[in-house]
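Here is a set of exercises to work through with the coordinates open. Try each task before you read its solution.

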Amino acid sequence: MAQSAKLPGAKAERLTEDQIVDAALEIIRESGVEALSMRSLSRHLGVSAMAAYYYVSDKQGLLDLVARRALGEIRVPEESVGPWYLRLRLLIDQVEAELRRNRGIAEVLLSRMIFSQRWVMNAIMEVLADAGFEGPNVVMAYALIHTYLFGRYRVAIGQHDVEARLADDAMPDDTVTRMGPFTSNLMGRDYYAFGVETLILGLRSQLRRQHVADED
């Protein structure tokens, strides 16, 4: 629950946790996570440089608040929804929707998921365990999902530069050049749908291989 308090000193300043997180998310969306600092946050809120420290001790604590907000609306599908791969897709789709809504937050969650959204990690791992993955295979399957969901945003940052370079360095007999025109018609959702469908099909294939190996 968001709280507010009165800062000590001659000038009283009131902030809530929600105001702090909203401001931090705006900075991340507009300028990237590297632009977020306690000083830039204070400027954005229009308060004194030390005001934000009354609510959060440092940038790392601020990033944890932001990360907790980012995936706070996710709902874990019940088993009655359907087979494990459908529940997994619903979970992944929800995470992706929040990453699109909170541009720039993927960079935060890529390295801070275990500190701020452990329950989401746990929900995904539980689905994988229910599917039949065991021990290290649960960990590796989760790592694959984690890397795809959050790491692909890091790759997407330079995508337009790559497309521009392809146009400048076109080679008539090069397959990369021949594929170039297709990129102009592809949207982020196209890349995402293809990737997540391939990922889940791959996980299902791994399970089938595991079952065959167990029977031998």
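**Exercise 1. Is E98 buried or exposed?**

Two notes before we start. This is a predicted model, in which local features need pLDDT of at least 70 and side-chain atom pairs count only at pLDDT 80 or more, while totals for chains, interfaces and linings use all residues. Residues are numbered from 1 along each chain as its sequence is written, and side-chain values use heavy atoms, with hydrogens and water left out.

*Step 1.* Take the cut-offs: buried means under 20% relative accessible area, exposed over 50%, and partly exposed in between (1.4 Å probe, protein chains only).
*Step 2.* E98 has a relative accessible area of 11%, so E98 is buried.
*Step 3.* Now look at the partner. E98 forms a salt bridge with R101, with 2.8 Å between the closest N and O atoms; the term requires a side-chain nitrogen of Lys or Arg within 4 Å of a carboxyl oxygen of Asp or Glu. R101 is partly exposed at 49%.
*Step 4.* Both residues lie in helix α4, three residues apart, about one turn of the helix. Helices (H or I, at least four residues) and strands (E, at least two) are DSSP runs, numbered from the N terminus.

**Exercise 2. Find which helices the salt bridge between R69 and D18 ties together.**

*Step 1.* The search of the whole structure gives seven salt bridges.
*Step 2.* In the one between R69 and D18, the closest N and O atoms are 3.3 Å apart.
*Step 3.* R69 belongs to helix α3 and D18 to helix α1, so this pair ties together parts that are 51 residues apart in sequence.
*Step 4.* Check the surroundings: R69 is partly exposed at 29%, and D18 is partly exposed at 38%.
*Step 5.* For contrast in placement, take R89 and D93, whose salt bridge has an N to O distance of 2.8 Å. These two both lie in helix α4, four residues apart.

**Exercise 3. Classify the ring pairs W84 with F133 and Y148 with Y192.**

*Step 1.* A pair of aromatic rings is described by the distance of the centres and the angle of the planes.
*Step 2.* Rings of Phe, Tyr and Trp (its six-membered ring) pair if their centres lie within 6.5 Å; planes under 30 degrees apart count as stacked, over 60 as edge-to-face and the rest as tilted. The count by this rule is three aromatic pairs.
*Step 3.* The ring centres of W84 and F133 are 6.2 Å apart with planes at 85°, so this pair is edge-to-face. W84 sits in helix α4 and F133 in the loop between α6 and α7, so parts 49 residues apart in sequence are tied together.
*Step 4.* Both rings are on buried residues: W84 has 12% relative accessible area, and F133 has 6%.
*Step 5.* Y148 and Y192 have ring centres 6.3 Å apart and planes at 20°, so this pair is stacked. Y148 lies in helix α7 and Y192 in helix α10, so the pair ties together parts that are 44 residues apart in sequence.

**Exercise 4. Which element gives the largest share of the largest nonpolar core?**

*Step 1.* Define the set: a nonpolar core holds buried Ala, Val, Leu, Ile, Met, Phe, Trp, Tyr and Cys residues joined through side-chain atoms within 4.5 Å.
*Step 2.* The largest core has 57 residues, and L203 and I145 are among those that touch the most other members.
*Step 3.* Several helices give two or more residues, including α4 (84-101), α7 (136-156) and α10 (188-215). The largest share, eight residues, comes from α7.
*Step 4.* Inspect L203: not counting residues up to four places away in sequence, L203 touches residues including W84, F133 and I145; contact means heavy atoms within 4.5 Å.
*Step 5.* Then turn to I92 in helix α4, buried at 1%. Leaving aside neighbours within four places in sequence, I92 is in contact with I145, L149, Y192 and V196. The C-alpha atoms of I92 and V196 are 8.2 Å apart, although the two residues are 104 apart in sequence.
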